[in-house]
Amino acid sequence: MNQIETLVRKAEGEVNEASTLKALQEMQVRYLGRHGEFTALLRAIGGLPAEEKPAFGKALNEAKARLENIIEARRAALRKEDETRRHAAEPQDLTMPGRRMRAGLPHVLSQAADRIKAALIGLGFELIETPELELVKYNFTALNYPPDHPAMDDQDTFYVDDDHVMRTHTTPFQGRVFEERRPPFRIFTIGRCFRNEAVDRTHHHTFHQVDAFMVDEGVSMAHLRGTLGAFARAMFGPSVTVRFRPDYFPFVEPGVDFAISCPFCEGEGCVVCKRSGWIELGGAGMVHPDILENYDIDTDRYTGFAFGLGVERIPIMRYRIDDLRLFMENDLRFLEQFQA
Ligand code: FA5
């Protein structure tokens, strides 16, 4: 028993002397480790008379537990000292502002798409999505393109195989809608299009379009004008008017290109509209009766209008961006300027 007490005292003394975590650890091994002094005492139990064994064992265990507690307390104190020393060594300025989190924001084209969607949904159109990898059938054939039409040439179109292209416009959604629905309907789609074009300030191989069409009884060019006017005013402000000029697309008859009066100079002529007072937005017209008939829609009863335009046109005008390639480069210095 005396031996135990002496050993604990000696160990306690060493604990208090240990001035580093390493020294403390070494000391712990020396006393409590497998070959340590406590373990040696534990082995001595075997040589004791039977009646002394329990009391000795108990005393030894208690002493060991006490020592372990003392070592843990010392270890915590040494850790704390260590930390204090480290903090003192690194100068800290607690008044320094924290690091600012960089918040993301929708891409400028997504912002434009959201405005377009809100405007068309507000006019009663339903949004659907159709594939970017499109069947030649929907991209061209069903839209009345004759087989020798230049747009079908692989100079202009990315063919994936004989039957598939990367869609060159969003208009092929019409065939998909006609196959699944009967009039009346008002539907639009918006998304990526691809053309095999030399990239320059105003053309890209990858760009975006929105296409809308409506088929119902008694639909006329007047509805087209009214709808495009309301759409343009929702996008560009209340004073904007729409101009039609005759144009040709195989899937509309009659076909037009449409422009809006320049919202920057109200038609007076400025740099944005290149002094013309008008900004061209896209193509439109009455759905070709041949197409309606191909889908067994009674042309005595139903007519439809359709229009399509480039999405990039909207931010290009709104922010006077002079190079369309910027939309695809994802340079944050460009994109961060367009807070939603
Ligand atoms: C069409 O694509 C027709 N599908 C539009 C249409 C729909 C007409 C419904 C009638 C009825 P166009 O090829 O003109 O038409 O393209 C429409 C718009 O897409 C253009 O005014 C332009 O803004 C945009 N666009 C076309 N090609 C590119 C390109 N390479 N890069 C960027 N924008 C383009």
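1. A good place to start is N294, which sits in helix α9 (residues 289–294); helices here are DSSP runs of H or I with at least four residues, strands are E runs of at least two, and both are numbered from the N terminus. N294 counts as exposed because its relative accessibility is 57%, where exposed means over 50%, buried under 20% and partly exposed in between (1.4 Å probe, protein chains only). The C-alpha atoms of N294 and A142 are separated by 8.3 Å, although their positions lie 152 residues apart along the chain.

2. Please keep in mind that this is a predicted model, in which local features need pLDDT of at least 70 and side-chain atom pairs count only at pLDDT 80 or more, while totals for chains, interfaces and linings use all residues. Residues are numbered from 1 along each chain as its sequence is written, and side-chain values use heavy atoms, leaving out hydrogens and water.

3. Next, the sheet. Its 7 strands form an open sheet with mixed pairing, in the order β1-β5-β6-β10-β9-β8-β7; two strands pair if DSSP finds at least two bridges between them. At the edges, β1 (126–127) and β7 (242–247) each pair on one side only. Strands β6 (residues 206–217) and β10 (residues 302–310) are antiparallel partners over 9 bridges, and D216 has T303 as its bridge partner in β10.

4. Finally, the interior. The largest nonpolar core has 47 residues, of which I116, F236, F258, I260 and F307 touch the most other members; such a core is a set of buried Ala, Val, Leu, Ile, Met, Phe, Trp, Tyr and Cys residues joined through side-chain atoms within 4.5 Å. Helix α5 gives the most to this core, with 7 residues.
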